[in-house]
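Subject: Structure for your review

Dear colleague,

Please find the structure below for your consideration. A summary of what was found in it follows.

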Amino acid sequence: MIKMKDVWKSYPNNVKAINGITISIEKGEFVYVVGPSGAGKSTFVKMMYREEKPTKGDIFIDQTNLATLKEKHIPKMRRRIGVVFQDFKLLPTLSVFENVAFALEVIEENPKVIKRKVLDVLDIVHLKNKARALPDELSGGEQQRIAIARAIVNSPEVLIADEPTGNLDPDTAWEIMNILDDINHRGTTIIMATHNKDIVNTIKKRVIAIEGGRVVRDEVRGSYGYEA
Amino acid sequence: MKLRTLGRHVREGTKNLARNGWMTFASISAVAVMLFVVGVFLLLIMNVDNVASSIEDDVEIKVYIELTASEEQQDELLTEMKQLPHIESISFVDKEEGLNQLIDSLNESGEVFESIREENPLNDSFVVRATSPQLTEQVAETIEPLENVERVNYGKDYIERLFTITEFVRTIGLVLVVGMMFTAMFLIANTIKLTIVARKREIQIMKLVGAANGFIRWPFFIEGILLGILGALIPILLIGFGYSYLVTNYGARIEIMFFSLLPAFPYVWQIAGLLVGIGAFIGVWGSMMSVRKFLRV
């Protein structure tokens, strides 16, 4: 599903973020990406949806090589990937329903299809009864669930979550994890960068640990392995 | 593109205009001032050109024949002239006809000349046309030394001065217009930049969920085009009404001074079309300038 072959990334200011990573992630996997701040976690996940382009090496999503992908083909590629952030990135003037529908409107989906799909995903994240609310009227956990709904409404093959529980209290974080686990069971590959030791150690999944821009550990049912 | 999508882009574009009230006002004003100057200069140039070409078409050489010349000598002169190069036509105007023409051209005040019909002081003359207006001077110079020619006359100074004025008006107009076009473009670019900054998050999300770049750009194009077209409306109204007023109220008075104003229509429509075109063009250009920089994926 996702393959990185000897990927390097350095920024113009000469910071070397990724120094030769080769990994392979299969369809339907749930992968934690852990590591200290500044280890290259963020760059690692950003390269998977082509927010950053590798300086050297290849990144394949199925047959598509993100390293050589032309600018004009990026939008089509992005429709196969959902992304969730620590800060939710919702539009405050739009209702819950509209925020999720936005992702389909801008790829010119049919309005009837939009309505059906949005209601379906709102059901998955348990927000069907808050469809008309504005994001600011909701709690942090609920807002993150809107963001997740938006990321998966397009039925992507991969969901990338960059510190999705970073801004949430522990109870709410668990709630988000349950939803992500549920989505994973429905067949979506999930890659989640996180600092949350409890979650990684409790819901056992594959753990990729990155330090100094290299993979230092890759365990099938791993643990966090750092002191939080 | 689907109609529904176009509707969405237009809605977004107009919403943006309203959101940046003052910058919108500034850009529209800049475009309006610029296009007003463009329009005024266009009208000016079109009118001067019209006068120039009507005079140009009219350029003829009057060859006044010596009063003492006999009919044979006049025929001789005619034969000589016919052999010269670059001559289109020659016609003979005898002094009676010359006087009639003079009286006609002066309207009412010409009647005073009726009294001198008996002892007509005018010369018989030939009216010569060169094959092209540019050759008029050359032809006149070859005719002047011929025998029995008292003098030749053609509107040399007048034409040359007119051409200088046309050139001058054109140059000034062009410099002003280009300068103001850039100002207007940068103001439009800035206005749209503000919109883009205000919608940064929205654009970021659109890019993340895979909206095509064209889709993201469209509302900004519409915004730019609207700025340009709205800016064109004011000068079109001013110029349209102003010029038709000028033509209806002063046209007759100006006509006495040997040239006439172009009619208001259809020329005002042509200028209106042109102004809208220029407005939309700099609008699109301005929006492209700012969008390209911001939307690089």
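**Contact between the chains**

Chain A and chain B each give 15 residues to the contact, two residues being in contact if their C-beta atoms, placed from the backbone, lie within 7 Å. On the side of chain A that touches chain B, α2 (74–78) and α3 (96–105) of chain A each supply at least two residues. Four residues, the largest share of that side, come from α2(A). The residues of that side of chain A comprise eight nonpolar, one polar and six charged; here Ala, Val, Leu, Ile, Met, Phe, Trp, Tyr, Cys and Pro count as nonpolar, Asp, Glu, Lys and Arg as charged, and the others, Gly among them, as polar.

Please note that this is a predicted model, in which local features need pLDDT of at least 70 and side-chain atom pairs count only at pLDDT 80 or more, while totals for chains, interfaces and linings use all residues. Residues are numbered from 1 along each chain as its sequence is written, and chains are lettered from A and ligands numbered from 1 in the order in which they are written.

**Sheet and strands of chain A**

An open sheet of six strands has the order β6-β7-β8-β3-β9-β10 (chain A), with mixed pairing. Helices (H or I, at least four residues) and strands (E, at least two) are DSSP runs, numbered from the N terminus, and two strands pair if DSSP finds at least two bridges between them. At the edges are β6 (81–85) and β10 (214–219) of chain A, each of which pairs on one side only.

Within this sheet, β3 (residues 30–34) and β9 (residues 206–211) of chain A are parallel and share four bridges; A:Val31 has A:Arg206 as its bridge partner in β9(A).

Elsewhere in chain A, strands β1 (residues 2–10) and β4 (residues 56–61) run antiparallel, joined by five bridges, with A:Lys5 opposite A:Asp58. A hairpin with two residues between its strands is formed by β4(A) and β5(A), and A:Asp62 in its turn has a positive phi of about 55 degrees.

**Nonpolar cores**

A nonpolar core is a set of buried Ala, Val, Leu, Ile, Met, Phe, Trp, Tyr and Cys residues joined through C-beta atoms within 7 Å; a residue is buried if 20 or more other C-beta atoms, placed from the backbone, lie within 10 Å of its own. The largest such core has 106 residues, and A:Val33, A:Ala149 and B:Val31 are among those with the most contacts inside it. Helix α8 (residues 213–255) of chain B provides the largest share of this core, 11 residues.

Yours sincerely

How values were computed:
A residue is buried if 20 or more other C-beta atoms lie within 10 Å of its own, exposed if 12 or fewer, and partly exposed in between; C-beta atoms are placed from the backbone.
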